[in-house]
Amino acid sequence: MGLYDEVEIEDMEWNEELEAFTYSCPCGDLFQITLKELAAGEDIARCPSCSLYVQVIYDEAAIAAKCGGRNPNTENKAPAIPVA
Ligand SMILES: [Zn+2]
């Protein structure tokens, strides 16, 4: 019960079906956190099958880039994505 581990985002696996980063939970299911949650500043990936969760270590700028630079929390440099 509670915090299971701290995991770097690079060690998580992107799951197209779930549209979320996943990480193996000891219960056999997967910890999950979506890109939207990450973009919103969420850093807890939860397992839907048990009460464990992991804290995701990630670079906010990298996530913002993945989201197309639409993270309103990004203060440093708002990347202007040219719409072709
Ligand atoms: Zn679990």
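Helices here are DSSP runs of H or I with at least four residues, strands are DSSP runs of E with at least two, and both are numbered from the N terminus. Residues are numbered from 1 along each chain as its sequence is written. This is a predicted model, where local features need pLDDT of at least 70 and side-chain atom pairs count only at pLDDT 80 or more, while totals for chains, interfaces and linings use all residues.

**Exercise 1: the overall layout**

Work out the order of the elements in the protein, starting at the N terminus.

Solution.
- Step 1: Start with the tally, which comes to two helices and six strands.
- Step 2: Now read along the chain from the N terminus, and you get β-β-β-β-α-β-β-α.
- Step 3: For burial, we count other C-beta atoms (placed from the backbone) within 10 Å of a residue's own: 20 or more is buried, 12 or fewer is exposed, and in between is partly exposed. Of the 84 residues in the protein, 20% are buried.

**Exercise 2: who pairs with whom?**

Find which strands pair, and in which sense, starting from β2 and β3.

Solution.
- Step 1: You need a rule first: two strands pair if DSSP finds at least two bridges between them.
- Step 2: Three bridges connect β2 and β3 in the antiparallel sense. Look at Trp14, whose bridge partner in β3 is Phe21.
- Step 3: Move on to β3 and β4, which run antiparallel and are joined by five bridges. Here Ala20 has Thr34 in β4 as its bridge partner. These two strands make a hairpin with five residues between them, and Gly28 in its turn has a positive phi of about 105 degrees.
- Step 4: At β5 (residues 44–46), three bridges lead to β6, again antiparallel. One of the partners is Gln55 in β6, sitting across from Ile44. The hairpin from β5 to β6 goes through five residues.
- Step 5: Finally, β1 (residues 2–8) pairs with β6 (residues 52–57) in the parallel sense, over six bridges. Gly2 stands opposite Leu52 in β6.

**Exercise 3: an unusual phi**

Explain what stands out about the backbone at Glu19.

Solution.
- Step 1: Locate Glu19 in the loop between β2 (13–15) and β3 (20–24).
- Step 2: Check the angle: Glu19 has a positive phi of about 55 degrees, although it is not a glycine. Most residues other than glycine have a negative phi.
- Step 3: Look at the setting, a hairpin of β2 and β3 with four residues between the strands.
- Step 4: Is Glu19 buried or exposed? Glu19 counts as exposed because it has 11 C-beta neighbours inside 10 Å.

**Exercise 4: two neighbours across the strands**

Compare the burial of Ala20 with that of Thr34.

Solution.
- Step 1: Place them: Ala20 is in strand β3, and Thr34 is in strand β4.
- Step 2: Count neighbours. Ala20 has 20 other C-beta atoms within 10 Å, so it is buried. Thr34 has 15, so it is partly exposed.
- Step 3: List contacts, meaning pairs whose C-beta atoms, placed from the backbone, lie within 7 Å. Setting aside residues up to four places away in sequence, Ala20 touches Asn15, Gln32, Ile33 and Thr34. With that same restriction, Thr34 touches Glu19 and Ala20.
- Step 4: Try a distance too: the C-alpha atoms of Thr34 and Phe21, 13 residues apart along the chain, are separated by 6.1 Å.

**Exercise 5: inside the core**

Identify the residues with the most contacts inside the largest nonpolar core.

Solution.
- Step 1: A nonpolar core is a set of buried Ala, Val, Leu, Ile, Met, Phe, Trp, Tyr and Cys residues joined through C-beta atoms within 7 Å.
- Step 2: The largest one has 15 residues, and Tyr23, Phe31, Ile33 and Ala45 have the most contacts inside it. Two or more residues each come from β3, β4 (30–34), β6 and α2 (60–66).
- Step 3: Zoom in on Tyr23. Leaving out neighbours within four places in sequence, Tyr23 is in contact with Val7, Met12, Leu30, Phe31, Ala45 and Val54.

**Exercise 6: a cysteine in a loop**

Describe the surroundings of Cys27.

Solution.
- Step 1: Cys27 lies in the loop between β3 and β4.
- Step 2: Cys27 counts as partly exposed because it has 14 C-beta neighbours inside 10 Å.
- Step 3: Apart from neighbours within four places in sequence, its contacts are Cys47, Ser49 and Cys50.
- Step 4: From Cys27 to Cys47, 20 residues apart along the chain, the C-alpha atoms are separated by 8.8 Å.

Note on methods. Contact = placed C-beta atoms within 7 Å.
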